[in-house]
Amino acid sequence: MNPRTKLALAAKELIPLRQGDLDGFCGLYAIINAVRLAIHPGQRLRHPQSKRLFEAGIVTLARHRRLRYALKDGMTDATWRRACEAVLAEADHLVAGSVTATWIFAGEARLEVRDMVRRVRRSIREGNPVLITLGGCYHHWTVVVGFNGDRLRLFDSASYRWVLIRSIGSATDHPLRRHQIAPTGVVALSFHPKPPT
């Protein structure tokens with residue numbers, strides 16, 4: 001099965017964990033949902049394991065004195081990155097392999113939408129879910145699992161299904177569009193299973 005089909009199948013078979021209506025933890029839920037997608041179908045996280053990932057993120061937020069702010073207002077990119085690293089470190093204890101995050105635009109100050117969409121599509125074709133932050137209208141972290149002509153398909157904790165590509169912008173490229181994406185807010189997850197012994 002090709003990697004893109006594997007990711008599409010995972011998004012169809014799994015149900016996203018849902019964020020609470022009154023909290024700002026969409027970033028944490030996006031990370032956990034992306035881990036679940038990345039390891040599927042070879043491995044699955046049971047509910048207690050997903051809760052351990054959630055706890056790892058919460059403990060990190062509390063340790064850095066960001067828990068109250070994140071609960072009320074969500075996470076900054078730097079806070080989200082710390083939570084992501086903690087969740088992935090915990091995931092490595094729960095799965096037979098390693099889940100790796102790749103900041104697609106690492107070190108790049110400028111993000112052009114056309115390039116972002118091209119790189120996200122490449123990651124999806126490779127079977128890797130992509131975390132993005134949708135600033136502007138939503139102020140929301142989500143997971144991209146697919147695409148077709150003019151849409152990115154989402155696997156989302158708030159039940160969003162897709163976003164129109166033409167509605168995406170950045171501060172350096174179409175700053176007035178409905179959804180703003182920062183270079184620090186585009187992250188692909190990949191899974192590297194342990195070799196059989």
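A residue counts as partly exposed when its relative accessible area falls between the buried range, under 20%, and the exposed range, over 50%. With that in hand, phenylalanine 54 is a handy place to start in this predicted model: at 24% relative accessibility, it counts as partly exposed.

Phenylalanine 54 belongs to an aromatic cluster, together with Phe25 and Tyr29. A pair of aromatic rings is described by the distance of the centres and the angle of the planes. The count for the model comes to 5 aromatic pairs. One of these joins phenylalanine 25 to phenylalanine 54, edge-to-face, with 5.9 Å from centre to centre and 85° between the planes. Phenylalanine 25 sits in the loop between α1 (3-13) and α2 (26-39), while phenylalanine 54 is part of helix α3, so this pair ties together parts of the chain that are 29 residues apart in sequence. Phenylalanine 25 has a relative accessibility of 7%, so it counts as buried.

The ring of tyrosine 29 also pairs with that of phenylalanine 54. Here the centres are 5.4 Å apart and the planes stand at 50°, so the pair is tilted. This one, too, links distant parts of the chain, 25 residues apart, with tyrosine 29 in helix α2 and phenylalanine 54 in helix α3. Tyrosine 29 counts as buried, because its relative accessibility is 15%.

Rings also turn up with charges over them. The charged end of arginine 119 sits over the ring of phenylalanine 105, at 4.3 Å from its centre. In the case of arginine 151, the ring underneath is that of tryptophan 162, and the charged end lies 3.7 Å from the ring centre.

Back to helix α3, this time with a helix as its partner. Helix α3 (residues 47-63) packs with helix α5 (residues 77-94) at an angle of about 145°, and their axes are 8 Å apart. The crossing of these two helices is right-handed. On the α3 side, the residues that meet α5 are Gln49, Arg52, Leu53, Ala56, Gly57, Thr60 and Leu61. Facing them in α5 are Thr79, Arg82, Ala83, Ala86, Val87, Glu90, Ala91 and Leu94. Sorted by class, the contact between α3 and α5 has 8 nonpolar, 4 polar and 3 charged residues.

Helix α2 has another residue worth a look, glycine 27. Its relative accessibility is just 1%, so glycine 27 counts as buried. Setting aside residues up to four places away in sequence, glycine 27 touches Met75, Trp80 and Trp141. Glutamate 126, by contrast, is 23 Å from glycine 27 in space, C-alpha to C-alpha, with the two positions 99 residues apart in sequence.

Proline 16 gives a similar kind of picture from the loop between α1 and α2. With a relative accessibility of 11%, proline 16 counts as buried. Leaving out neighbours within four places in sequence, proline 16 is in contact with Asn33, Arg36, Phe155 and Asp156. For one of these partners, arginine 36, the C-alpha to C-alpha distance to proline 16 is 8.9 Å, and the two residues are 20 apart in sequence.

Finally, a few spots in the backbone stand out. Most residues other than glycine have a negative phi, and most peptide bonds are trans. The peptide bond from histidine 40 to proline 41 is cis instead, with omega near 5°. Proline 41 is found in the loop between α2 and α3.

Histidine 139, although not a glycine, has a positive phi of about 50°. Histidine 139 is placed in the loop between β2 (130-136) and β3 (140-148), and at 63% relative accessibility it counts as exposed. Serine 159 likewise has a positive phi, near 70°, without being a glycine. The loop that holds serine 159 runs between β4 (151-155) and β5 (162-164). At 39% relative accessibility, serine 159 counts as partly exposed.

Note on methods. Residues numbered from 1 in each chain as written. Predicted model: local features only at pLDDT ≥ 70, side-chain atom pairs only at ≥ 80, totals over all residues. Heavy atoms only, no water. Axes fitted to C-alpha atoms, helices over the stretch in contact; angles between N-to-C directions. Helix = DSSP H or I, 4+ residues; strand = E, 2+ residues; numbered from the N terminus. Left-handed = near helix turned anticlockwise from the far one by under 90°. Contact = heavy atoms within 4.5 Å. Nonpolar A, V, L, I, M, F, W, Y, C, P; charged D, E, K, R; others polar. Phe/Tyr/Trp six-rings, centres within 6.5 Å; stacked < 30°, edge-to-face > 60°. Buried < 20%, exposed > 50% of the residue type's maximum accessible area, 1.4 Å probe, protein only. Lys NZ or Arg CZ within 6 Å of the ring centre and 35° of its normal.
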